[in-house]
Protein chains: 2
Amino acid sequence: MKYYSISEVSDRLDIPESTIRYYEKKGLLPQIERDEAGRRFFSENQIAFLGIIIYLKNTHMPISVIKQYVDWVVEGESTIELRLEMMKNHKKNVLAEISLMQEALKGIDVKIARYTKYTQERKEAREDEFILEKRK
Amino acid sequence: MKYYSISEVSDRLDIPESTIRYYEKKGLLPQIERDEAGRRFFSENQIAFLGIIIYLKNTHMPISVIKQYVDWVVEGESTIELRLEMMKNHKKNVLAEISLMQEALKGIDVKIARYTKYTQERKEAREDEFILEKRK
DNA sequence: ATACGCCTTAAACCATGGTTTAAGTCAACA
DNA sequence: TGTTGACTTAAACCATGGTTTAAGGCGTAT
């Protein structure tokens with residue numbers, strides 16, 4: 001089974017090594033193996049798990065909550081219902097956040113439309129002036 | 001023309017008074033009027049403007065960038081093209097962020113599906129046990 | 001006139017999520 | 001054997017976006 005060094009994982013997932021160390025320290029990456037020299041080595045499974053952590057982070061789950069999730073994963077099958085409820089709840093939060101952003105985007109689109117119209121009209125006005133200029 | 005106190009604006013937009021003061025201090029709310037006693041009073045226009053600021057904040061535009069936007073608004077029509085470019089660029093960023101979240105949501109949905117299936121199977125297994133129990 | 005509520009400020013404080021630094025260990029190649 | 005390069009740690013540092021505190025000013029109802 002192939003193993004990856006921290007720099008390889010950093011490159012593959014495009015996250016800083018310091019972040020990976022930080023996550024491990026926070027308990028988000030349990031059971032990371034070390035070689036004789038104390039260096040971390042990651043299996044494909046562990047990289048996939050880190051991928052999930054990144055998904056949760058990208059959807060703004062607080063680290064404290066991700067930690068609870070990870071603790072439940074470590075605890076085993078008996079926590080699956082708790083994890084299910086957590087993920088359902090998180091999904092709800094994420095959908096609400098996306099809605100909020102899409103709402104804001106409407107307001108931003110109104111601005112874009114206004115500014116575009118203004119810019120367009122200015123441009124036409126300049127073209128008119130140019131024509132008048134040439135006929136002068 | 002009706003004016004609103006800071007507590008009224010806070011209630012209407014559902015943001016803390018402290019945040020409104022903080023935004024004003026950061027230069028995000030220029031030209032807020034004061035009464036003789038030094039108390040802020042907001043016109044409908046100013047509340048609408050604050051609404052835009054909230055949109056930008058809700059789409060994670062950094063305060064420093066919002067500040068630049070506000071400065072350009074104050075500067076006047078000559079900055080409309082700059083504002084247009086800023087808003088177009090911001091929209092691009094927001095769409096990218098939403099995509100990232102939706103991507104993550106797929107991974108979360110896989111977890112939900114797995115956990116649901118497991119929970120469902122456990123439940124069925126318990127029902128089977130119950131039936132066996134009754135027949136015993 | 002005094003007390004209450006709403007407002008003001010500056011400055012201190014806070015949470016979150018990392019990043020950077022400094023000092024050191026080890027493996028491998030020249 | 002010694003010099004790189006990749007790794008290690010703990011601790012300090014940082015940016016962002018606020019919130020809280022403390023001390024005080026005014027206006028109006030009692």
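Here is a short walk through this predicted model, from its symmetry to one helix and then to DNA strand D. Residues are numbered from 1 along each chain as written, and chains are lettered from A in the order in which they are written. Local features need pLDDT of at least 70, side-chain atom pairs count only at pLDDT 80 or more, and totals for chains, interfaces and linings use all residues, while hydrogens and water are left out.

Let's start with the two protein copies. A turn of 180° with a shift of 0.0 Å along the axis lays chain A on chain B with an RMSD of 0.0 Å (least squares on the C-alpha atoms of residues with pLDDT of at least 70 in both). That is the relation of a two-fold axis. In chain A, the C-alpha of Ile98(A) is nearest the axis, 3.3 Å from it.

Now look at helix H2 of chain A, residues 17–25 (helices are DSSP runs of H or I, at least four residues). Its buried residues are Thr19(A), Ile20(A), Tyr23(A) and Glu24(A), where buried means under 20% relative accessible area with a 1.4 Å probe, protein chains only. They line one face of the helix, because they fall within an arc of 140° seen down its axis (taken from directions from the helix axis to the C-beta atoms). Just after H2(A), Gly27(A) has a positive phi of about 85°.

Finally, turn to the DNA. Around DNA strand D there are 19 residues, each with a heavy atom within 4 Å of it. Sugar and phosphate make up 80% of the strand D atoms that come within 4 Å of the protein. H2(B) gives the most to this surface, with 4 residues.

Terms used
Buried < 20%, exposed > 50% of the residue type's maximum accessible area, 1.4 Å probe, protein only. Helix = DSSP H or I, 4+ residues; strand = E, 2+ residues; numbered from the N terminus.
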